Amino acid sequence: MKLKKRNFMGGFNRFRLVLTLGLAVLLPAAALIYVNFSQLRAFERDKVLEAAIHRDFQDVLAITEKRINKKAFTMAEEARDLFPSPDEDIHEKEKKLDLILAKSPWLAHVFLFDEKGFVLRSQPQQMSDKYFREEHDHMIEAYHWLVTEGKMQVENLHKRSRPSVSGSQTKRSNGDAFLATAMFVLPQLPKDRVVLGGATFDPCFLKQTLFSGVLDEMVSEKSNDQGGNPRALMIYAPDPEMGKEIKPLAATAGWGDGKPEVVRKFDDGFRPLAMGIKYQGTSAAALGQTLVHRSFLILGILSLMIIGGLLLTKHVVSKEMALARLKSDFVSNVSHELRTPLALIRLYAETLELGRITTAEKKQQYYRIIRKESERLTALINNILDFSRIEAGRKEYEFRETDIAELVRNTLDSYRYQIEQQGFEFEENIDSNLPAVPVDREAIARALVNLVNNALKYSTDEKFLGVKLYRENGVLKLEVLDHGIGIARRDQSKIFEKFYRTGDPLVHNTKGSGLGLSLVRHITQAHGGEIEVESTPGKGSKFTLSLPVTSSTSQRGNALQSA
């Protein structure tokens with residue numbers, strides 16, 4: 001009846017646990033998921049992402065326009081600095097203007113207007129193109145308006161910090177083209193003189209070098225934005241006939257077909273041209289849909305993860321409950337293990353007290369048994385006390401500069417008789433040339449004793465114990481080697497857990513609390529080190545305790561460190 005009641009209570013506790021987790025975790029998580037789902041629906045309905053992409057497109061086009069204008073103005077100013085003085089004779093002016101064309105192949109025409117008249121020079125190698133010749137003649141006729149409006153134009157240019165650029169459609173033998181002319185005043189002249197200079201950009205240079213170069217730069221710089229979706233840009237001349245297909249004047253390699261998603265007209269220079277931008281192979285609307293669908297997918301995955309986390313939490317808590325039962329069993333096992341040495345000590349002490357032992361040799365045997373059981377009892381009680389302090393978070397270590405070689409040697413000397421009495425071959429290899437390190441002497445000694453006791457307890461046929469202390473790569477290493485039963489690979493990551501004991505029959509038949517290696521790991525980590533094990537079943541084990549070597553004791557020397 002008691003067993004049934006216990007099982008019923010266990011089932012009730014698990015049900016209460018699941019109910020608590022559901023109310024404390026699942027309901028808030030479900031509310032959060034619902035809120036996120038509603039926000040995603042609103043995000044999809046209001047096309048928030050599409051609007052954000054279009055704003056970004058506008059920024060890209062504005063930056064592109066500024067770069068094109070900056071480069072064009074810079075080239076126009078460089079040409080302006082080479083212009084002749086209006087006071088020179090016409091032949092000298094023509095000569096210097098020709099020199100400008102020779103140094104600047106990206107210019108088609110240059111001209112100078114002053115009180116003496118209008119001088120226009122064009123690239124001589126292009127005069128064979130009839131469209132170019134017609135353009136040359138048209139410019140001579142068109143600039144007669146400067147005679148009447150030149151003064152006003154000069155006043156306007158003096159108010160600007162940069163040249164004035166205007167454009168118009170033209171033709172070349174290879175098709176339609178765009179002509180842009182920069183007009184400027186000569187800075188070395190007084191403001192009241194009506195003198196104007198001008199430089200006309202070659203249409204092929206504009207299309208193939210200036211426009212295409214800046215567009216490619218922008219695409220290259222922004223290629224990783226918006227999830228890595230590459231942009232495509234183009235420059236075109238708007239057609240007054242709406243609905244007519246847009247023909248790019250210059251475009252990046254990924255433009256393809258179709259209309260731009262966002263358009264921007266040139267405000268200063270290169271009017272009436274416009275720029276367009278879009279994504280290659282997709283659209284802002286499609287990206288928005290993809291992002292929303294992906295967000296819904298992630299939300300679904302997160303929902304599954306929350307449910308999985310709930311199940312995992314239940315598993316962990318159930319494991320903790322099982323651990324609590326192990327602790328209860330541990331108390332029972334320790335109580336039984338305490339009785340054995342206490343009973344032997346009492347038995348042999350009473351026998352000696354009653355004077356029943358007459359021979360000195362027998363007395364020495366009884367004394368050794370009492371001492372051995374006392375040491376065993378002391379070690380067990382120390383382990384339990386340390387474990388209790390660690391569990392309560394009150395374990396403290398007193399770090400002092402210590403000769404680690406002497407500490408290890410003294411600890412082994414106190415156990416040497418027990419090692420030899422059990423028939424072990426003992427090999428000790430301690431490097432005496434080691435620096436002093438800040439450690440807790442008692443804790444390190446206890447860690448070594450636990451490792452030695454493990455080797456003694458779990459060695460059957462081949463009784464060998466080796467202890468090695470040395471320095472390697474700035475780390476002190478303490479090795480304890482045995483040829484005992486070894487540890488299976490699946491257990492090697494668990495043996496440092498509290499109360500854990502492997503499934504080997506010899507382990508279960510050997511008395512122990514399952515705390516020794518757990519304490520070794522805690523001591524090692526408290527010293528800033530680590531503990532490792534290499535083992536093969538049937539061939540033995542090697543435990544390596546590594547401690548950092550430091551010359552500074554300002555933080556740990558002569559101080560208490562809370563574990």
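Start by selecting Asn473, which is exposed, with a relative accessible area of 76%. You are looking at a predicted model, so treat the geometry accordingly. Asn473 sits in the loop between β13 and β14. Check its backbone: phi is near 55°, a positive value in a residue that is not glycine. For background, most residues other than glycine have a negative phi, and most peptide bonds are trans.

**The mixed sheet**

From that loop, step out to the strands on either side. β13 and β14 belong to an open sheet of five strands, in the order β11-β13-β14-β16-β15, with mixed pairing. Color β11 (425-430) and β15 separately: they stand at the edges, and each has a single partner strand, so one side of each has no neighbour in the sheet. Averaged over neighbouring strands and ignoring direction, the turn of one strand against the next is 15°.

Now zoom in on the β11 end. β11 pairs with β13 (residues 464-472) in the parallel sense, over six bridges. To find your place in the register, select Glu427, which has Gly466 of β13 opposite.

**The helix across the sheet**

Next, show residues 404-421, which make up helix α9. This helix lies across β11, β13 and β14 (475-482), and runs at about 170° to β11. Pick Thr411 within α9. Is Thr411 buried or exposed? At 10% relative accessibility, Thr411 counts as buried. Beyond its neighbours within four places in sequence, Thr411 is in contact with Ala445, Leu448 and Val449.

**A buried histidine**

Go along to His527, in the loop between α13 (516-526) and β15 (530-536). Though it is a loop residue, His527 is buried, with a relative accessible area of 2%. What does the side chain of His527 reach at 2.8 Å? The backbone oxygen of Ile523. Turn the view to find Asp440 as well: its backbone nitrogen lies 3.0 Å from a polar atom of the His527 side chain. Add Pro548 to the selection and draw a C-alpha to C-alpha distance from His527: the two are 8.0 Å apart in space and 21 residues apart in sequence.

**Two nonpolar cores**

Time for the hydrophobic interior. In soluble globular proteins, nonpolar side chains tend to be buried together. The largest nonpolar core here has 49 residues, and those with the most contacts inside it are Leu107, Phe201, Leu206, Leu210, Phe211 and Phe270. Helix α2 (residues 48-80) supplies the largest share of this core, 11 residues. There is also a second, separate core of 42 residues, with Tyr415, Ala447, Ile487 and Phe496 among its members.

Go back to Phe270 and bring up its surroundings. Setting aside neighbours within four places in sequence, Phe270 is in contact with a list of residues including Ile68, Asn69, Ala72, Val165, Phe178 and Ala180. Leu206, Leu210 and Phe211 are also in contact with Phe270.

**A hairpin and a cis bond**

Ala180 is a handy link to the next stop, as it lies opposite Gly167, within β4. Select strand β3 (residues 164-172) and strand β4 (residues 175-184): they pair in the antiparallel sense over nine bridges. A hairpin of two residues joins β3 to β4.

Then select Arg271 and Pro272. The peptide bond from Arg271 to Pro272 is cis, with omega near 15°. Pro272 is in the loop between β8 (262-265) and β9 (274-279).

**Charged pairs**

Finish with the salt bridges. Side chains of opposite charge can pair when their charged atoms come close. How many salt bridges does a search of the whole structure find? It finds 22.

Three pairs to select one by one:

- Arg400 and Glu398: the closest N and O atoms are 2.1 Å apart. Arg400 counts as partly exposed at 41% relative accessibility, and Glu398 is partly exposed too, with a relative accessible area of 33%.
- Asp81 and Arg80: their side chains meet at 3.6 Å, N to O. Asp81 counts as exposed, at 55% relative accessibility.
- Glu534 and Lys542: the closest N and O atoms are 3.9 Å apart. Both count as partly exposed, Glu534 at 48% relative accessibility and Lys542 at 22%.

For a last selection, take Arg67, Lys71, Glu217 and Glu221 together: salt bridges with shared partners join these residues into one network.

Notes. Residues are numbered from 1 along each chain as its sequence is written. This is a predicted model: local features need pLDDT of at least 70, side-chain atom pairs count only at pLDDT 80 or more; totals for chains, interfaces and linings use all residues. Side-chain values use heavy atoms; hydrogens and water are left out. A salt bridge is a side-chain nitrogen of Lys or Arg within 4 Å of a carboxyl oxygen of Asp or Glu. Buried means under 20% relative accessible area, exposed over 50%, partly exposed in between (1.4 Å probe, protein chains only). A nonpolar core is a set of buried Ala, Val, Leu, Ile, Met, Phe, Trp, Tyr and Cys residues joined through side-chain atoms within 4.5 Å. Helices (H or I, at least four residues) and strands (E, at least two) are DSSP runs, numbered from the N terminus. Contact means heavy atoms within 4.5 Å. A polar contact is a pair of N or O atoms within 3.5 Å; within protein, one must be able to donate a hydrogen and the other to accept it, and residues adjacent in sequence count only if both atoms are side-chain atoms. Two strands pair if DSSP finds at least two bridges between them. Axes are lines fitted to C-alpha atoms, for helices over the stretch in contact, and angles run from 0 to 180 degrees between N-to-C directions.
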